[in-house]
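Q: I've just opened this one and would like to talk it through. Can we start with how the chain is put together overall?

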Amino acid sequence: MFDKILIANRGEIACRVIKTARKMGIKTVAVFSDADKQALHVQMADEKIHIGPPPANQSYIVIDKIMEAIQTSGAQAVHPGYGFLSENAKFAQALEAAGVAFIGPPVGAIEKMGDKITSKKIAQDAGVSTVPGYMGLIEDAEEAVKISNDIGYPVMIKASAGGGGKGMRIAWNDTEAREGFQSSKNEAANSFGDDRIFIEKFVTQPRHIEIQVLCDSHGNGIYLGERECSIQRRNQKVVEEAPSPFLDEATRKAMGEQAVALAQAVDYASAGTVEFIVDGDKNFYFLEMNTRLQVEHPVTELITGVDLVEQMIRVANGEKLSMTQADVTLTGWAIENRLYAEDPYRGFLPSIGRLTRYRPPAEVAAGPLLEQGTWQGDAPSGETAVRNDTGVYEGGEISMYYDPMIAKLCTWAPTRSEAIEQMRVALDRFEVEGIGHNLPFLAAVMDHPKFVSGDMTTAFIEEEYPDGFEGVELPEPELRRIAAACVAMHRVGEIRRTRVSGRMDNHERKVGVNWNAHLQGQSYDVVIDADQAGATVTFDDGASLRVSGAWTPGDQLAEMTVEGAPLVLKVGKVSGGFRVRTRGAELKVHVRNPRQAELARKMPEKVPPDTSKMLLCPMPGLVVKLDVAVGDEVQEGQALCTIEAMKMENILRAERKGIVARINADAGDSLAVDDVIMEFE
């Protein structure tokens with residue numbers, strides 16, 4: 001077995017590989033850019049080597065710099081993680097020439113299957129059902145428009161060397177095909193150093209389901225079930241689960257056997273994923289093969305008990321698989337939510353900054369991973385599992401140079417409904433401050449009827465949030481639970497305040513029992529009757545709720561129990577009450593005595609400033625180009641400018657017809673959130 005491996009990556013996947021290497025007694029080497037000097041993966045590794053400036057194309061994807069680090073460290077093998085150089089055949093060739101093991105598939109498999117155009121041709125030749133499309137090289141935008149018309153809209157424009165949603169656009173007409181081709185080409189060049197583009201038919205109402213395969217260099221291959229990855233934004237996965245709530249055993253077997261056959265056709269050896277698009281009748285079509293470890297691999301590990309990173313290392317060491325297809329058992333259900341540094345209220349645009357608070361829920365071991373001794377956490381065991389794969393820490397910074405993913409929060413339970421409920425609680429317990437994040441959106445998905453029923457497609461976000469995510473309107477019973485909890489918490493705060501003031505002897509008696517709770521436009525007059533075990537909150541209609549919990553003023557997380565059911569609140573103090581986040585809702589809960597409530601009803605509402613005649617920058621980024629000039633008349637939907645952030649190009653469009661009165665930015669300018677780019681008459 002290897003003594004030392006270098007991880008040619010960063011962030012949470014580098015941390016993930018280090019955990020398994022530690023378990024196997026293997027030393028690790030981290031590489032880092034200027035932006036990652038204090039990164040978690042650098043702190044966790046046994047050795048660290050600096051490789052250059054922050055941009056990935058000057059550090060993490062420069063093969064010569066990685067090879068120099070390997071030579072300096074004496075590493076015998078390299079794990080590439082995902083993204084960056086993980087599917088780069090030239091990198092694998094350089095390692096082979098240097099006598100260093102690549103913890104991934106052979107060069108030939110990468111060349112054949114890592115390229116989307118080539119892999120689709122091989123799949124077609126192998127008799128695999130594929131989506132109609134044009135696999136040849138496309139020279140320019142006009143040719144892209146012609147091909148799109150031949151295939152028939154809508155079409156998917158993809159980077160041949162792409163992955164992770166980079167270099168990918170859906171076009172519904174000629175204008176979008178023309179713009180999408182150029183943006184995809186630019187993103188592909190910046191992210192992968194390869195600007196080749198292909199186009200295929202976009203299947204409407206699709207489900208994205210992928211098969212995890214594992215092969216060795218001795219001709220053995222197995223599949224470890226499937227992952228449902230249909231909930232996506234900007235063609236990038238957000239929520240994954242295993243198994244899929246849609247597949248039956250016969251379809252799973254057919255997809256799995258086809259995936260393994262395809263892998264073995266190219267002498268594949270390592271962990272890999274064959275992605276399919278599946279229609280409502282369970283017809284499945286090959287999309288691509290990812291010749292690497294997938295971001296969402298933890299859900300497969302949670303239901304199978306197989307440590308995929310360990311298996312990759314063993315296969316790279318020349319070992320045979322220790323299991324056969326008959327040994328693979330899918331137990332329970334696992335769900336993964338990707339926590340991103342992005343603002344769901346602004347179209348999921350990236351957010352950067354310092355994590356002033358980062359407190360994930362405690363990890364708990366359970367299920368197949370615990371039973372087979374492959375659990376990576378050190379928390380106590382339970383009937384359900386919580387796992388958090390992360391590469392950040394409190395006080396660390398989310399950089400504009402890399403992917404905005406903060407963590408992958410996973411839960412496992414014997415049933416899907418139990419796994420969902422465990423995820424709801426875990427999301428509410430997750431504390432993140434200092435940056436925009438998508439925790440509210442993830443919590444909203446976990447409560448959405450379509451997700452709960454398993455009836456979702458890759459169009460879930462577009463269909464369910466056509467005007468963007470605007471938060472969650474909680475049902476009235478949930479508002480009452482929150483109101484009751486907040487009144488009980490407010491009472492505790494008032495008692496503490498009077499004690500600190502020293503003005504009263506019998507503090508609890510003088511605080512008062514009549515209160516009004518106002519939240520989400522609802523107003524509740526209540527009476528609270530407290531005792532040593534908790535409090536009973538009675539509403540003016542006679543209904544009462546029993547509240548208990550160990551919250552004390554200053555705690556930013558309140559783990560309460562209301563009528564025997566858990567209620568977890570992320571709490572911040574505001575004048576006259578609390579700012580609360582729970583179940584995807586962001587609420588201001590004002591708790592007032594009767595007189596204060598009466599006066600508050602007479603206060604006029606504050607009107608926000610009018611920005612309707614301004615184009616504001618929706619996220620920190622770089623102005624790539626301006627498409628209009630002062631005096632131009634623009635139409636609704638017309639492209640105004642392009643902003644690049646975290647390797648993604650975002651085209652900002654006019655919301656209505658107007659005339660450009662002033663432009664406040666130039667190409668090349670770096671902008672902050674809400675900077676005024678241009679103004680209209």
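A: Sure. One term to begin with: contact means heavy atoms within 4.5 Å. Also keep in mind that this is a predicted model.

Q: OK, so what share of the contacts with a separation of 6 or more comes from residues 24 or more positions apart?
A: That share is 64% in this chain.

Q: And how many helices and strands are there in the chain?
A: The chain has 19 helices and 39 strands. Its radius of gyration is 27 Å, close to the 26 Å that the globule rule gives for 681 residues, so the chain is as compact as a globular protein of that length.

Q: What box do the C-alpha atoms fill?
A: Roughly 80 × 70 × 55 Å, taken along the principal axes.

Q: How much of the chain is buried?
A: Buried residues are 56% of the 681. As for the outside, the chain exposes about 27900 Å², with carbon and sulfur atoms supplying 48% of that area.

Q: Let's go inside. Which residues have the most contacts within the largest nonpolar core?
A: Those are Val239, Ile335, Ile406, Phe441 and Phe451, in a core of 38 residues. The elements giving two or more residues to this core are the strands β12 (236-242), β15 (333-340) and β22 (405-413), plus the helices α13 (416-429), α14 (439-447) and α16 (460-464).

Q: Which of them gives the largest share?
A: α14 does, with seven residues.

Q: What is Ile406 in contact with, leaving aside neighbours within four places in sequence?
A: Its list includes Leu339, Tyr340 and Ala341, and also Tyr358. Thr390, Gly391 and Val392 are in contact with Ile406 as well, as are Ile398 and Ile435. There is also a second, separate core of 37 residues, and Val17, Ile18, Leu321 and Met405 are among its members.

Q: Switching to sheets. In what order do the strands of the five-stranded open sheet come?
A: The order is β3-β2-β1-β4-β5, with parallel pairing. At the edges sit β3 (47-52) and β5 (101-102), each pairing on one side only.

Q: How many bridges join β1 to β2?
A: Four, between residues 4-7 of β1 and residues 27-33 of β2. To pick out one pair, Ile5 has Thr28 in β2 as its bridge partner.

Q: Now further down the chain. Why is β29 described as largely enclosed?
A: Because seven of the ten residues in this strand (565-574) are buried, the rest of the structure largely encloses it.

Q: How does β29 pair with β28, parallel or antiparallel?
A: Antiparallel, over six bridges, with β28 spanning residues 557-562. Thr561 stands opposite Pro566 in β29. The two strands make a hairpin with two residues between them, and there Glu563 takes a positive phi near 55°.

Q: And what about β29 with β30?
A: That pairing is antiparallel too, over five bridges, and β30 covers residues 577-582. Lys573 has Phe578 in β30 as its bridge partner. β29 and β30 also form a hairpin with two residues between them, where Gly576 in the turn has a positive phi of about 80°.

Q: Cysteines next. How many disulfides does the structure hold?
A: Zero. For Cys15, the nearest cysteine sulfur is that of Cys410, 15 Å away. Cys15 counts as buried, at 1% relative accessibility.

Q: Why is Cys229 without a bond to Cys410?
A: Because the sulfur of Cys410, the closest cysteine sulfur to that of Cys229, is 12 Å from it, which is too far for a bond. Cys229 is buried as well, with a relative accessible area of 0%.

Q: Last topic: which helix does His490 lie in?
A: His490 lies in α17, residues 476-501. This histidine is buried, with a relative accessible area of 10%. Beyond its neighbours within four places in sequence, His490 is in contact with Trp515, Phe578 and Val591.

Q: And Leu479, is that buried or exposed?
A: Buried, at 2% relative accessibility. Leu479 also has its place in α17. Not counting residues up to four places away in sequence, Leu479 touches Leu474, Leu519, Gln520, Gln522 and Tyr524.

Q: How far apart are Leu479 and Ala661 in space?
A: They are 46 Å apart, C-alpha to C-alpha, and 182 residues apart in sequence.

Note on methods: Residues are numbered from 1 along each chain as its sequence is written. This is a predicted model: local features need pLDDT of at least 70, side-chain atom pairs count only at pLDDT 80 or more; totals for chains, interfaces and linings use all residues. Side-chain values use heavy atoms; hydrogens and water are left out. A nonpolar core is a set of buried Ala, Val, Leu, Ile, Met, Phe, Trp, Tyr and Cys residues joined through side-chain atoms within 4.5 Å. Buried means under 20% relative accessible area, exposed over 50%, partly exposed in between (1.4 Å probe, protein chains only). Two strands pair if DSSP finds at least two bridges between them. The radius of gyration is taken over C-alpha atoms; the globule rule is 2.2 Å times the number of residues to the power 0.38. Accessible areas come from the Shrake-Rupley method with a 1.4 Å probe; for residues, only the protein chains shown count as cover. A disulfide is a pair of cysteine sulfur atoms within 2.5 Å.
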